[in-house]
Amino acid sequence: MHGAGKSEQAIVAKKLLNADPPLLLWEPGEAAEPRACAKRNPQQQNTSRTQSRTHEVPTELERVRKRARQDRKAKFTALLHHLTVKRLRTAFMRLKPKAAAGVDGVRWQDYARNLEGNLQALHARLHSGSYRARPSRRVYIPKADGKERPLGIASLEDKILQGATVELLNAVYETDFLGFSYGFRPGRSPHQALDALVVGLRRRKVNWVLDADIRGFFDTIDHGWMQQFVQHRIGDQRLLRLIGKWLQAGVMEANQWQPSQEGTPQGAVISPLLANVCLHYVLDLWANQWRQRHAQGEVIIVRYADDFILGFQHRRDAERFHHDLRERLAKFSLQLHGEKTRLIEFGRYAIEHKERRNEGKPQTFDFLGFTHICTQARRNGKFQILRQSVAKRQRAKVKAIAQELRYRREQPIAEQGAWLQSVLRGIYGYQAVPGNLRALGSLRLEVTKRWYRSLCRRSHKKRLDWRKMNLHVRRWLPPPKIQHPWPEERFFAARTQGKSPVR
């Protein structure tokens, strides 16, 4: 039985690849995006004929998902009843217990004391129409460039409702979102976006890279356009009013309420999904159509939230797309960030072309915390992409660690070491990619120096001996090790699991 199934799948795959034009199961530029799996077993029943564990009765959201997949133009007019007490409870349990409180001052632990009663009351207010969204509490966090990023902290009940709504809307929109969109989607991660980008740059004919960033995207989303985009798929007026309440709730800053005429608060649970919906209609569908109709050469696209990278075979395609993109965004009251958006020569022939023109080394670009560099492998001289931690972010992290060590100076060495160990392991968990160990080793060395200075200031009588300090370093500060292999090593596995599990 298994052999027959595999041979049947091989025949189907061969027909797809031999079609004219060929229907690819995946694209190297979006390496983690299978295309054939979504329509497998179209005649399969919802439940098994026997009482086996191979099939389960489909849930309500699975039926919504199936309807959304079968009819890409279907409009869902009755969805609010899916926001049940059970779904609200699940959304509550997904919240971080240590998260900051909103304007209501209610924390996770406070709400959990009478969880069932609170959820029942929230559910009743939601379906009776008496629920009112609270404004977000405005806070600012420092950025690596010295500026501050505004964040909006929603009240606890708003977080619960938004989390449940996101789960509901994902059942609809995850069937629509395109393969090169990775940001804030279930089953997807920044490293999948990084892998898809590396595979696309190495396997496609890419000579030019457009590093694009939308200026203040979350703060400038037009509410009118946002409502229109949501209404393409959502026709439930109660759910639309609920989303409108969150968009227009405003923010509290310095005990003063400020209305929100545009934008969606960064930090709100619903904001990433709304941003993806907006960019799906503003950018993704248009860009995918543009490369099919206007591009003379190959084009790859990788987007993570409002930060996206495009690779072009020909410079004239890149320049034309850059021009058309500005006009496209202007129609929706958006604009590219002038300083962060650049068109650079980047690819397998960039080093050779730069040397021929005596222009030095190719330019680099930053994406998802890594600086991407054109280089050549030492062993065979083949084109390779080196990814290193963004230097300014690494300096900012060292500075933040040194600042925290000042507050922890009087703690026992074991407590300080355990905290530093958790910080470094967290950094390694994201940044430990091939080619980046030297940068992470430098980070560990800088952390060691800051820790040594902090320990020496604990007493004026005697300085800490470096021999003892090295013992503490070996005990508490782990050396970096590769945790994310080259994309090629997991390429074939990644391309079969890249789709969201809710699709």
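Here are legends for a handful of close-up views of a predicted model.

**View 1. The whole chain, before zooming in.** We start with 503 residues, of which 47% are buried. The chain folds into 18 helices and 11 strands. Look at contacts between residues at least 6 apart in sequence, and 71% of them join residues at least 24 apart. About 27500 Å² of the chain is exposed, with carbon and sulfur atoms supplying 49% of that area.

**View 2. A patch of positive charge on the surface.** Seven names to pick out here: K147, R149, R215, K340, K392, R393 and R395 gather in this patch. Helix α14 (residues 391–407) gives the largest share, 3 residues. R215 comes in from the loop between β3 (208–213) and α8 (217–220). R215 is partly exposed, at 37% relative accessible area, so it clears the cut-off of over 30% that patch members need.

**View 3. The salt bridge between R185 and E174.** The two side chains meet with N and O 2.8 Å apart. Both R185 and E174 sit in the loop between α6 (156–173) and α7 (190–203), so the pair ties together parts that are 11 residues apart in sequence. Don't look for this one on the surface: R185 counts as buried because its relative accessibility is 4%, under the 20% cut-off. E174 is buried too, with a relative accessible area of 0%. A search of the whole structure turns up 21 salt bridges, if you want to go hunting for others.

**View 4. R320 and D324 on helix α12.** Here the salt bridge has an N to O distance of 3.8 Å. The partners are 4 residues apart in helix α12 (residues 315–330), so about one helical turn separates them. R320 is partly exposed at 41% relative accessible area, while D324, at 18%, counts as buried.

**View 5. R356 and E352 on helix α13.** The closest N and O atoms of this salt bridge are 2.8 Å apart. Both residues lie in helix α13 (residues 350–356), 4 residues apart, which is about one turn of the helix. R356 is exposed, with a relative accessible area of 57%, and E352 is partly exposed at 41%. Also worth finding are E345, K354, R357 and E359, joined into one network by salt bridges that share partners.

**View 6. E60 and H82.** E60 is found in helix α2 (residues 60–70) and is partly exposed, with 36% relative accessibility. H82 is 22 residues away from E60 along the chain, and their C-alpha atoms are separated by 7.5 Å.

Key:
Residues numbered from 1 in each chain as written. Predicted model: local features only at pLDDT ≥ 70, side-chain atom pairs only at ≥ 80, totals over all residues. Heavy atoms only, no water. Helix = DSSP H or I, 4+ residues; strand = E, 2+ residues; numbered from the N terminus. Buried < 20%, exposed > 50% of the residue type's maximum accessible area, 1.4 Å probe, protein only. Contact = heavy atoms within 4.5 Å. Areas by Shrake-Rupley, 256 points an atom, 1.4 Å probe, with all protein chains shown as cover. Patch = residues over 30% accessible without salt bridge, like charges linked within 9 Å, V, L, I, M, F, W, Y side chains within 5 Å. Salt bridge = Lys/Arg side-chain N within 4 Å of Asp/Glu carboxyl O. Lys, Arg positive; Asp, Glu negative; His and termini not counted. Charge placed at Lys NZ, Arg CZ, Asp CG, Glu CD.
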